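User: Please take a close look at a single part of this model and work outward from it to whatever it touches. I would like one connected account, in plain terms, with a word on confidence.

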Amino acid sequence: MKDVSEDLAAAMRGKDTGIGISHSAIGDGVNSDNIKTIIAMLRDHGYTGTLSMECEGMGGPLIERSLKWLRTTLEELEIEEEK
């Protein structure tokens with residue numbers, strides 16, 4: 001899963017079919033509602049596999065905010081996190 005800023009999404013709309021690099025934490029961009037919906041759909045269809053976060057960095061604030069958002073979302077959707 002990857003989120004993108006509103007500015008980047010607007011700049012790329014109608015030009016490319018994908019965005020290679022995003023400097024937005026998951027949950028901070030324009031895709032957060034869509035990502036949450038997809039996670040709920042996966043849950044409802046019995047998916048028990050891995051979720052992969054895609055954001056810039058080898059650590060630091062973007063990954064930390066993304067992980068916090070994902071954990072909060074899993075809790076809201078009553079999906080147990082496997083550690």
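Analyst: S32 is found in helix α2, the part examined here; the model is a predicted one. Helix α2 covers residues 32–44. With a relative accessible area of 14%, S32 is buried, because the cut-off for that class is under 20%. Apart from residues up to four places away in sequence, S32 touches D3, G27 and W69. S32 can also be placed relative to V4: the two are 28 residues apart in sequence, and their C-alpha atoms are 8.9 Å apart in space.

The setting is simple to state. The chain has 3 helices and 0 strands, and the order along the sequence is α-α-α. Of its 83 residues, 24% count as buried. Among contacts with a separation of 6 or more, 61% are between residues 24 or more positions apart.

W69, one of the residues that S32 touches, belongs to the largest nonpolar core, which has 8 residues in all: I26, I35, I39, A40, W69, L70, L74 and L77. Two elements, α2 and α3 (61–76), each give two or more residues to this core. In soluble globular proteins, nonpolar side chains tend to be buried together.

L77 shows how one core member meets residues elsewhere in the chain. Leaving aside neighbours within four places in sequence, L77 is in contact with K36, I39, A40 and R43. Of these contacts, I39 and A40 are themselves listed in the core.

T73 gives a second view of the same region. T73 sits in helix α3 and is buried, its relative accessible area being 2%. Once neighbours within four places in sequence are set aside, T73 is in contact with K36 and I39. K36 and I39 therefore appear in the contacts of both T73 and L77, while T73 falls below the 20% cut-off for burial.

K36 also takes part in a charged pair. Side chains of opposite charge can pair when their charged atoms come close. K36 forms a salt bridge with E76, with 2.5 Å between the closest N and O atoms. This pair links distant parts of the chain, since E76 is in helix α3 and K36 in helix α2, 40 residues apart. K36 is partly exposed, at a relative accessible area of 29%. Thus K36 touches the buried T73 and also carries the salt bridge to E76.

How many salt bridges does the chain have in total? The count comes to 5. Among them is the pair of K2 and E54, whose side chains meet at 3.4 Å, N to O. K2 lies in the segment before α1 (6–12) and E54 in the loop between α2 and α3, so this bridge ties together parts 52 residues apart in sequence. Both ends count as partly exposed: K2 at 21% relative accessibility and E54 at 40%.

Another salt bridge joins R71 and E81, with the closest N and O atoms 2.9 Å apart. R71 is in helix α3 and E81 in the segment after α3, so the bridge ties together parts that are 10 residues apart in sequence. R71 is partly exposed at 38% relative accessible area, and E81 is partly exposed at 30%.

Back on α2, there is also a surface side to describe. L42 lies in this helix and is partly exposed, with a relative accessible area of 31%. Because patch residues must have over 30% relative accessible area, L42 can be counted in a patch. L42 forms a nonpolar patch on the surface together with I38, M41, Y47 and L51, and their joint accessible area is about 430 Å². For the chain, the accessible surface comes to about 6,100 Å², of which 51% belongs to carbon and sulfur atoms. Helix α2 thus holds the buried S32 as well as the partly exposed L42.

On confidence, the chain averages a pLDDT of 86, and 84% of the residues score at least 70. Confidence is highest in α2, at a mean of 96, and lowest in α1, at 73. Where pLDDT is low, the predicted coordinates should not be read in detail.

Terms used
Residues are numbered from 1 along each chain as its sequence is written. This is a predicted model: local features need pLDDT of at least 70, side-chain atom pairs count only at pLDDT 80 or more; totals for chains, interfaces and linings use all residues. Side-chain values use heavy atoms; hydrogens and water are left out. Helices (H or I, at least four residues) and strands (E, at least two) are DSSP runs, numbered from the N terminus. Buried means under 20% relative accessible area, exposed over 50%, partly exposed in between (1.4 Å probe, protein chains only). Contact means heavy atoms within 4.5 Å. Accessible areas come from the Shrake-Rupley method with a 1.4 Å probe; for residues, only the protein chains shown count as cover. Patches are made of residues with over 30% relative accessible area and no salt bridge: like charges are joined within 9 Å, nonpolar side chains (Val, Leu, Ile, Met, Phe, Trp, Tyr) within 5 Å. A salt bridge is a side-chain nitrogen of Lys or Arg within 4 Å of a carboxyl oxygen of Asp or Glu. A nonpolar core is a set of buried Ala, Val, Leu, Ile, Met, Phe, Trp, Tyr and Cys residues joined through side-chain atoms within 4.5 Å. pLDDT is the predictor's confidence in each residue, from 0 to 100.
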